[in-house]
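Trainee: Hi! I'd like to walk through a new model with you, if you have a moment.
Mentor: Happy to. Put it on the screen and ask away.

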Amino acid sequence: MIHTDKDMNFGILDRLRVEYHLRQIIQLDRNCFGGKRAWNKMQFLADLPGKWSLSLLAKQLNEVQGFAIASCFNSQFVHLHRIAVANDSQGRGVGKELIRAVEAAAKSNGLTAFTLECPCDLKVDDFYRSVGFRQASKEFTHEYLCLKKKVESAHLYLPIDGSSRRIFLKSLT
Ligand SMILES: CC(C)(COP(=O)(O)OP(=O)(O)OC[C@H]1O[C@@H](n2cnc3c(N)ncnc32)[C@H](O)[C@@H]1OP(=O)(O)O)[C@@H](O)C(=O)NCCC(=O)NCCS
């Protein structure tokens with residue numbers, strides 16, 4: 001366990017923990033994202049570089065209250081794929097602590113920058129700003145799309161205003 005406070009535990013979400021808590025994780029994800037955007041079992045269990053040491057689980061007693069799924073796409077960047085906090089636990093600092101814990105894990109793995117993508121309609125920009133992210137510049141967005149081999153999807157991200165997805169960036173140095 002990385003950190004324990006009075007009633008919430010934050011620990012690395014490795015593959016075994018995903019398997020053990022899968023039913024609760026999928027239910028929480030559905031509650032947060034609704035049917036169309038909900039992830040399936042394969043998405044939660046997919047192997048990605050660094051995923052099993054960079055992802056985090058928040059639990060209260062034995063109930064899953066939140067998770068953050070992250071991986072690294074090269075030796076510099078940790079990338080947040082998913083973050084969700086149970087409806088009843090939102091607004092209590094759980095999301096902030098999940099981000100902080102991913103950052104701590106990333107730093108201890110020598111990673112120096114943190115990226116994420118956010119669909120514009122989710123309206124969570126203020127959350128990401130409050131935990132130190134800023135919206136990526138046009139230049140960085142292009143660099144990111146090249147690194148992630150997503151240049152053919154650039155129309156979804158550029159121009160920055162009016163795009164359907166935004167990239168956020170935070171330096172960890
Ligand atoms: C977004 C989410 C992870 C935030 O988790 P949380 O535990 O509720 O957030 P916290 O309590 O740690 O809040 C941290 C800060 O962000 C702010 N914040 C949290 N959610 C916010 C939102 N939806 N919009 C604006 N600000 C928000 C809080 O006011 C707080 O600000 P403060 O530090 O100035 O007080 C959570 O609301 C959630 O799971 N939402 C549904 C899933 C989702 O949209 N995920 C993001 C996909 S891109």
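Trainee: Let me start small. What do S3 and S4 form, and how many residues sit between them?
Mentor: S3 and S4 form a hairpin, with 2 residues between them. Leu-61 is in that turn and has a positive phi of about 55°. Keep in mind that this is a predicted model.

Trainee: Noted. How many bridges join S3 to S4?
Mentor: There are 5 bridges, and the two strands run antiparallel. S3 covers residues 56–60, while S4 covers residues 63–72. To place yourself on the pair, find Leu-56, which stands opposite Ala-68 in S4. Leu-57 stands opposite Phe-67 in S4.

Trainee: Which strand pairs with S3 over 4 bridges?
Mentor: That is S2, residues 9–12, again in the antiparallel sense. Gly-11 is the residue opposite Leu-57 in S3. Leu-57 therefore has a partner in S2 as well as Phe-67 in S4, with S3 largely enclosed by the rest of the structure because 4 of its 5 residues are buried.

Trainee: And S4, how many of its residues are buried?
Mentor: 7 of the 10 residues of S4 are buried, so this strand too is largely enclosed by the rest of the structure.

Trainee: Where does the chain go after S4? What joins S4 to S5?
Mentor: A hairpin does, passing through 4 residues. S4 and S5 pair in the antiparallel sense over 7 bridges. One pair to look for is Ser-71 with its bridge partner His-79 in S5.

Trainee: Back to Ala-68 for a second. What is it in contact with, leaving aside its neighbours within four places in sequence?
Mentor: Ala-68 is in contact with Ser-55, Leu-56, Leu-80, Ile-83, Leu-98, Ile-99 and Val-102. Ala-68 is also one of the residues with the most contacts inside the largest nonpolar core, along with Leu-56, Phe-67, Leu-98 and Val-102.

Trainee: How many residues does that core have, and which elements feed it?
Mentor: The core has 36 residues. The elements giving two or more residues to it are H1, S3, S4, S5, H4, S6 and S8. H4 gives the most, with 7 residues.

Trainee: Why does this core lie between the two domains?
Mentor: Because domain 1 (1–111) and domain 2 (113–173) both give residues to it.

Trainee: H4 caught my eye. Is Ala-105 in that helix buried or exposed?
Mentor: Ala-105 lies in H4. With 20 C-beta neighbours inside 10 Å, Ala-105 counts as buried. Not counting residues up to four places away in sequence, Ala-105 touches Ile-12, Ser-53 and Leu-54. You can also check Ala-105 against Ser-55: the two are 50 residues apart in sequence and 8.4 Å apart in space, C-alpha to C-alpha.

Trainee: Changing topic, how far apart are the C-alpha centres of domain 1 and domain 2?
Mentor: They lie 20 Å apart. Where the domains meet, 14 residues of domain 1 are in contact with 9 residues of domain 2. The largest share of the side of domain 1 that touches domain 2 comes from H4, with 6 residues. By class, that side has 7 nonpolar, 4 polar and 3 charged residues.

Trainee: Now the ligand. How many residues surround it, and which are the closest?
Mentor: 17 residues surround the ligand, and the closest are Gln-90, Gly-95, Lys-96, Asp-126 and Phe-127. The shell divides into 9 nonpolar, 5 polar and 3 charged residues.

Trainee: Which elements each supply at least two residues of that shell?
Mentor: S5 (77–85), H4 (94–108) and H5 (125–130). So there is H4 once more, as it also supplies at least two of the shell's residues by the definition of this list.

Trainee: Last one: why does the shell lie between the domains?
Mentor: Domain 1 and domain 2 both give residues to the shell around the ligand, so it lies between them.

Notes: Residues are numbered from 1 along each chain as its sequence is written. This is a predicted model: local features need pLDDT of at least 70, side-chain atom pairs count only at pLDDT 80 or more; totals for chains, interfaces and linings use all residues. A residue is near a molecule or strand if its C-beta atom, placed from the backbone, lies within 6 Å of it. Ala, Val, Leu, Ile, Met, Phe, Trp, Tyr, Cys and Pro count as nonpolar, Asp, Glu, Lys and Arg as charged, and the others, Gly among them, as polar. Domain bounds come from an automatic or database domain assignment. Two residues are in contact if their C-beta atoms, placed from the backbone, lie within 7 Å. A residue is buried if 20 or more other C-beta atoms lie within 10 Å of its own, exposed if 12 or fewer, and partly exposed in between; C-beta atoms are placed from the backbone. Two strands pair if DSSP finds at least two bridges between them. A nonpolar core is a set of buried Ala, Val, Leu, Ile, Met, Phe, Trp, Tyr and Cys residues joined through C-beta atoms within 7 Å.
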